[in-house]
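Trainee: Hey, could you walk me through this one? I'd like to get a feel for how it's put together.

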There are 2 protein chains.
Amino acid sequence: MVSFRLARQHLLAALLALACFTPALAQTTDPLPSWGNGAAKKDITEFVARVTAPGGPDFVPPAQRIATFDNDGTLWVEKPIYVQVVFAVDRVRATARQHPEWQKKQPFKAAIENDMATLAASGSKGLLQIVAASQAGLTPEEYDKTVLAWLAVALHPRFNRPYTELVYQPMLELLAYLRANGFKTFIVSGGGADFMRAWTEKIYGIPPEQVVGSMGGLKFEMTRDGSPALINLPHIDFIDDGPGKPVGIERFIGRRPIFAFGNSDGDLQMLQWTAAGSGARFMGLVHHTDAEREYAYDRHSHVGRLDKALDEGTAKGWTIVDMKRDWTRIFPFEP
Amino acid sequence: MVSFRLARQHLLAALLALACFTPALAQTTDPLPSWGNGAAKKDITEFVARVTAPGGPDFVPPAQRIATFDNDGTLWVEKPIYVQVVFAVDRVRATARQHPEWQKKQPFKAAIENDMATLAASGSKGLLQIVAASQAGLTPEEYDKTVLAWLAVALHPRFNRPYTELVYQPMLELLAYLRANGFKTFIVSGGGADFMRAWTEKIYGIPPEQVVGSMGGLKFEMTRDGSPALINLPHIDFIDDGPGKPVGIERFIGRRPIFAFGNSDGDLQMLQWTAAGSGARFMGLVHHTDAEREYAYDRHSHVGRLDKALDEGTAKGWTIVDMKRDWTRIFPFEP
């Protein structure tokens, strides 16, 4: 009986080993069809080949293949303004009756009046107040439902499509390609973690526990009926942007990425932190250069400004995606 | 060529499907040999069978099979005092020369003099000061090395063995059993996340990104030579204990566990939060009842007090492990 069991286990081990070759064989078809055939695609596939070659000088064990992606402007559209801000403004307007004090107080007054110019002028401090107000008092489950209900009906003003359709097809392919090669893919975004976690698994295949983002205050309490509850508080606890990104990575992931992709100066420190590790590294930036199919912006944009990171990335030879040239398809709905 | 490739893919799919049966077949041998045959083991295996039965009324998809474990007293020994406190005291003593101000300031004076009674009397506030001081000024990599160097030489005062050998064999089996059944295993501990992350992958098979714990302040900066660095600050930012555990779970995992295991009142809120979800749930407590093989303590212990959680767990029918009765083997080194 023992020898039979051992033989069976050997057979299964052999089958499992065979099965593990599936991804490699499947790559006879192009895993990145929307990436054209430029330098960006070559950088990516060469990097992946280097770190996954068993016995090679740059081999990285699967457990250490951590890849981090910014969200707004890197995985989905961030123009004309961050999707979460649109949601938060809608939510402030929808709940304004319960908050008469907002009628005379900025930036709430601007939000209620849909005065985007004044709201934008309130800067990140103002936007964060709106964002915090949009989740205060809700349990995480309630907030989740609110976000999903909004995403189901809200449409992008230019593309007239749900925001979750405005994700970049080349990046969906890249996420899947990295995972097929043993990478663990994370989002590291200045956006609210809870806002993203409601939908990232379905849209990107990235589960909630691999989403790092900004976070509001959160409190545990026993409700009057004796059941435990978590309640969102009306302040921001952690801003996962700029120098906050390496801090968020260390706190939530606890390992330095070997692969990082961003699109703005808010990603610079994440890319610097990734670059400064030892061994093979990949640093990528999406440069929005296609006003026709998406948007063209960089150094002078309030949303997603790409200035210092463009200079540093150029100087240091990071991979800079020229959206117009490098992406043959931008959105999944394109033919 | 196409049909050949398809045929090969079908073959591989069949092999993969076969290979996926390995865990099920392997379970003809007992996956929990150190659990004896009492009620605790039955509770665990019945729960796992219910949530993994495809088409069953309690089926939970793998992505939602989140299991959270406390660390001190649940996965490894916490007596006579938390391992991290022993480390932190050693570290304070080793670096005392650089901090002349500690000579006259409690709780540092007590730590330097190895006066554990005075240190214990300083309460959790005092212990946290020692813990924060033990990592302040170090980069995460330096701290990691310091922890590993200490663990390589420090011995437990009673068992005279490295602390990493004083992990509970039944819990190692349980972690592996859950993972073989599609669960994702997390640590949710009041201990420092960085302290644990240095060794949890090797000892428990739990990677850094699945370790939730207390966290000190952390700052990103560019050093004088222009390279980016993260530096630990001398204060505690987040205490992942008691009501902090559900908060930590929501922030770091973003899903409610369906399975949680603890051993003290510091785990009560995590267990309540787990219990309050819908669908099948498992709540477990390790009750330290074996003074001969390990320790016996509960309601009156300063370290790992189990009082309110014992009452609530008993009243609500949670699984309470009687260490003496339910575990046939406690440590891996036992014959």
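Mentor: Sure, let's go through confidence, then a sheet, then some helices and single residues.

Trainee: Okay, how sure is the predictor about chain A and the complex?

Mentor: Keep in mind that this is a predicted model. Chain A has a mean pLDDT of 92, and 92% of its residues reach 70 or more. The stretch to be careful with is residues 1-7 of chain A, where the pLDDT is below 50 and the model has two contacts beyond near neighbours in sequence. Residues 17-27 of chain A also have a pLDDT below 50, with eight contacts beyond near neighbours in sequence. For the complex, the predictor gives an ipTM of 0.89 and a pTM of 0.90.

Trainee: Cool. What's the strand order in the open sheet of chain A?

Mentor: The order is 4-3-2-1-5-6-7, so seven strands, and the pairing is mixed. At the edges sit strand 4 (228-238) and strand 7 (319-322) of chain A, each pairing on one side only. On average, neighbouring strands of this sheet are turned by 30° against each other, direction ignored.

Trainee: Remind me what holds strands together?

Mentor: Strands of a sheet pair through backbone hydrogen bonds, and they can do it parallel or antiparallel.

Trainee: Then which way do strand 1 and strand 5 of chain A pair, parallel or antiparallel?

Mentor: Parallel: strand 1 (residues 66-69) and strand 5 (residues 259-262) of chain A pair over three bridges. If you want a spot to look at, A:Phe69 stands opposite A:Phe261 in strand 5 of chain A.

Trainee: Does anything sit on the sheet? I mean, what does helix 12 of chain A touch?

Mentor: Helix 12 of chain A packs on the sheet and touches strand 1, strand 2 (184-192), strand 3 (211-222) and strand 4 of chain A. The direction of helix 12 makes about 150° with that of strand 4 of chain A.

Trainee: Let's stay with strand 3 of chain A. How many of its residues are buried?

Mentor: Nine of its twelve residues are buried, so to speak mostly covered. Strand 3 of chain A runs parallel to strand 2 of chain A, joined by three bridges, and A:Ile187 stands opposite A:Val211 there.

Trainee: And how many bridges join strand 3 to strand 4 of chain A?

Mentor: Seven, and those two strands run antiparallel. One pair to find is A:Leu218 with its bridge partner A:Asn232 in strand 4 of chain A. The hairpin of strand 3 and strand 4 of chain A has five residues between the strands, and A:Gly226 takes a positive phi near 85° in it.

Trainee: Switching chains. Which residues of helix 8 in chain B are buried?

Mentor: B:Pro140, B:Tyr143, B:Val147, B:Trp150 and B:Leu151. They cover an arc of only 100° around the axis, which puts them on the same side of helix 8 of chain B. On the other side, B:Lys145, B:Ala152 and B:Val153 are exposed.

Trainee: What covers the buried side of helix 8 of chain B?

Mentor: Chain A contributes helix 12 (244-252). From chain B, the cover includes helix 4 (83-94), helix 7 (123-135), helix 10 (193-197), strand 3 (211-222) and strand 4 (228-238).

Trainee: How does the length of helix 8 of chain B work out?

Mentor: At 1.5 Å a residue, its 14 residues (140-153) should span 20 Å, and the end C-alpha atoms are 20 Å apart, which agrees.

Trainee: Is strand 6 of chain B buried or exposed?

Mentor: Seven of the eight residues of strand 6 (residues 282-289) of chain B are buried, so the strand is largely enclosed by the rest of the structure. Strand 5 (residues 259-262) of chain B pairs with strand 6 in the parallel sense over four bridges. There, B:Phe259 has B:Phe282 as its bridge partner.

Trainee: Where is B:Asp290, then?

Mentor: B:Asp290 is in the loop between strand 6 and strand 7 (296-297) of chain B. At 3% relative accessibility, B:Asp290 counts as buried. Leaving aside neighbours within four places in sequence, B:Asp290 is in contact with B:Tyr295, B:Ala296, B:Met323, B:Lys324 and B:Ile330.

Trainee: Last one: is A:Arg325 buried or exposed?

Mentor: A:Arg325 is exposed, with a relative accessible area of 57%. You'll find A:Arg325 in helix 15 (residues 323-326) of chain A.

How values were computed:
Residues are numbered from 1 along each chain as its sequence is written. Chains are lettered from A and ligands numbered from 1 in the order in which they are written. This is a predicted model: local features need pLDDT of at least 70, side-chain atom pairs count only at pLDDT 80 or more; totals for chains, interfaces and linings use all residues. Side-chain values use heavy atoms; hydrogens and water are left out. The expected span of a helix is 1.5 Å times one less than its number of residues. Buried means under 20% relative accessible area, exposed over 50%, partly exposed in between (1.4 Å probe, protein chains only). The arc is that of the directions from the helix axis to the C-beta atoms. Contact means heavy atoms within 4.5 Å. Two strands pair if DSSP finds at least two bridges between them. Axes are lines fitted to C-alpha atoms, for helices over the stretch in contact, and angles run from 0 to 180 degrees between N-to-C directions. pLDDT is the predictor's confidence in each residue, from 0 to 100.
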